[in-house]
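This report looks at the sheets, the empty spaces and one ligand site of the structure shown here. Please keep the model open while reading.

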Amino acid sequence: MRIYLETFGCQMNELDSQLVRGQLSCLGHTFTEDPSIAEVLLYNTCSVREHAEQKAYSRIGIVGQRKRAGEHLILGVIGCMAERDGLDMLVRHPQIDLLCGPGELDKLPALIDNASRTHDLPRPDRAALAGNKSRRTATLAAADDDLESLDLARMFDPSTDDGRHRSAYVRITRGCNKFCTYCVVPRTRGAEVHRPPDHIVAECRRLADAGVIEVTLLGQTVNHYSYTHGVAVTLSGTEAPQVGAAVRPNGRNDSGSHATARKTTFAGLLRRIHEEVPSLRRIRFLTSYPRDFGLDALEAMRDCPRICPYLHAPAQSGSNRILRLMNRGYEVEEYVDFAHRAIETVPDLCLAGDFIVGFPTETEADFAATVDLVQRLPFKNNFIFKYSPRPGTVAFDRLPDDIPDEVKRARNNRLLAVQAGVSARVHAGWVGRTVDVLVDTVRSVPKANPAPNGVELRWERPVGRWQVVGRTAGDLIVTAPFDAGNPSHLIGTIVQVQLEAARPLLLLGTLLTDG
Ligand code: 5AD
Ligand code: SF4
């Protein structure tokens, strides 16, 4: 069948979509970028903020109209919205033929197959959801982890390679146990489970053999990774017991001996991938949780030249009172200490993060503390979000969403302006240096679009010129003009750029090599 697959939300969803695409292609399905000619429409949804849900609902509404007009289509909602809303969604939106949660994607082909054969399946047979299974003990969740096979069976087809596939995501942990009060992820993606390091290294090697030069290791709290060998599964943050033995609070197992199983830490995993897959030019990871970041991982970043000096570590707020209400588990000074330790340990470290403005009860003084934190640290960028109350979270149940939307919007804009100044300073510090840039885009500005005042500035408006755009190891965005025709052959290669000017969002330079 011909499938249209659209993805909303985060990198974890992008990876899930890639895997789903591979799995369904293997079974003979084809994919199209045009929803009007597809027989199956799949929406991989995100529940983190209401806005992403609204976009998905608008697509679901349009498909509903097409089906009522007589088109025979299969509509599938996969990902976090399916998991959170569950079977209720099928009652409210009867045009949906199948639902599949992010922890059940291995069952998607069967659901599509069923939907194509029978249109009036009972509702429970149209859905694969973890439901209350998702927060059973992590042991059970992991032991039942059929999803592992989905990651392991990923497809990479170099024949379709146009250079854009030189970069790939690799999952190292699933789920999250942090329970930040605003966040729906622990509910939709379930308990934290850590993949065996051998599987991760093998996946990196397979990708590298197929031409990938950059992998980004993914986890909701990626640095929390820890795998205890010799047990069936590894639980988050605990010393996993030997199979069949329960660990008592004193750390002894039932046989009375201390658990001695060998452990692979996050730092160990980084070093293993670095050593065992030497053809990877860049090893990156997302998203870091500030509290659990050990010096050993920072040292691995310092010692291994192909591990990128980039940390995305969301602070979320600069107010200790708000951080407590968010259940983040650290105070502002701890975040600042962590950031300084990272900057001192890892040369050329680039720091990025996330902030939420307008969390319930946030006062002007709390917001001022956030502004202060953004100004104190050299963040290259921050993603800034307006608080969005999410059903199923502690904040939704216990804290009224009492900050008016115009206040949230104003704080969002003020923080963006402060961040623009900080980013411009950080970028300015790079001018004059030569950096390696992994090219991901080429573009040209048409001649028909001249500068409004008739003056063509070298950097502002490269009219009629080609430009390459890419990222440094620290994830700084760099653009450079290219005068010898269309530079698409450079996509997916690493080129050297001499940096000459800085803007809040990017650096501008001259290409020294062509990869
Ligand atoms: N409202 C606004 N932002 C949120 N995030 C997560 N949940 C919410 C919410 N309910 C943001 C956090 C997180 C990023 C992925 O999304 O900043 O780090
Ligand atoms: Fe959500 Fe907090 Fe887990 Fe991040 S660490 S996924 S914000 S609960």
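## Pockets, sheets and a ligand shell

Sorted by class, the second largest pocket is lined by 14 nonpolar, 3 polar and 8 charged residues. The model is a predicted one. The pocket encloses about 450 Å³ of space. Its lining comprises 25 residues, and P305, I307, P309, A473 and G474 are the ones nearest the centre of this second largest pocket. Two elements, α11 (295-303) and β17 (434-444), each contribute at least two residues to that lining.

β17 leads on to the barrel. Here 5 strands close up in the order β17-β18-β19-β21-β20, with mixed pairing. From one strand to the next, the twist averages 50 degrees. Several of the pairings can be followed residue by residue.

Which way do β17 and β20 pair, and over how many bridges? The sense is antiparallel, and the two strands share 5 bridges. Within this pairing, V437 stands opposite V495 of β20.

β20 (residues 494-502) is also joined to β21 (residues 507-511), again by 5 bridges and with the strands running antiparallel. These two strands, β20 and β21, make a hairpin, with 4 residues between them. Two partners in β21 can be named. Q498 is bridged to T510, and A501 is bridged to L508.

The other sheet described here is open. It has 3 strands in the order β7-β10-β13, paired in parallel. β7 (167-171) and β13 (282-286) are the edge strands; each has a single partner strand, so one side of each lacks a neighbour in the sheet. Neighbouring strands of this sheet are turned against each other by 25 degrees on average, with direction ignored.

How many bridges join β7 to β10? There are 5, and β10 spans residues 214-218 and runs parallel to β7. Y169 faces T216 of β10. Helix α1 (residues 11-26) lies across β7, β10 and β13. The helix runs at about 100 degrees to β7.

Next comes enclosed space. Rolling a probe the size of a water molecule over the atoms shows where empty space is left. The structure contains 1 cavity of 30 Å³ or more. The largest cavity has a volume of about 40 Å³. Which residues line the largest cavity? They are D97, A115, T118, H119, L121 and R126. By class, this lining has 2 nonpolar, 2 polar and 2 charged residues.

Ligand 2 has its own set of surrounding residues. C176, K178, F179, C180, Y182, C183, V185, P186, Q220, T221, Y289 and R328 surround ligand 2. The shell has 8 nonpolar, 2 polar and 2 charged residues.

The table sets out the class counts for the three sites.

| Site | Nonpolar | Polar | Charged |
|---|---|---|---|
| Second largest pocket, lining | 14 residues | 3 residues | 8 residues |
| Largest cavity, lining | 2 residues | 2 residues | 2 residues |
| Ligand 2, shell | 8 residues | 2 residues | 2 residues |

To recap the sheets: the barrel has the strand order β17-β18-β19-β21-β20, while the open sheet has the order β7-β10-β13. β17 belongs to the barrel and also supplies at least two residues to the lining of the second largest pocket.

Technical notes:
Residues are numbered from 1 along each chain as its sequence is written. Chains are lettered from A and ligands numbered from 1 in the order in which they are written. This is a predicted model: local features need pLDDT of at least 70, side-chain atom pairs count only at pLDDT 80 or more; totals for chains, interfaces and linings use all residues. Side-chain values use heavy atoms; hydrogens and water are left out. A residue is near a molecule or strand if one of its heavy atoms lies within 4 Å of it. Ala, Val, Leu, Ile, Met, Phe, Trp, Tyr, Cys and Pro count as nonpolar, Asp, Glu, Lys and Arg as charged, and the others, Gly among them, as polar. Two strands pair if DSSP finds at least two bridges between them. Axes are lines fitted to C-alpha atoms, for helices over the stretch in contact, and angles run from 0 to 180 degrees between N-to-C directions. Contact means heavy atoms within 4.5 Å. On a 1 Å grid over the protein atoms alone, a cavity is a set of points where a 1.4 Å probe fits but cannot get out, and a pocket is an open set with protein on both sides within 12 Å along at least five of seven lines; lining residues have an atom within 4 Å of a point. Grid points are joined across faces, edges and corners, and a volume is the space filled by probe spheres set on the points.
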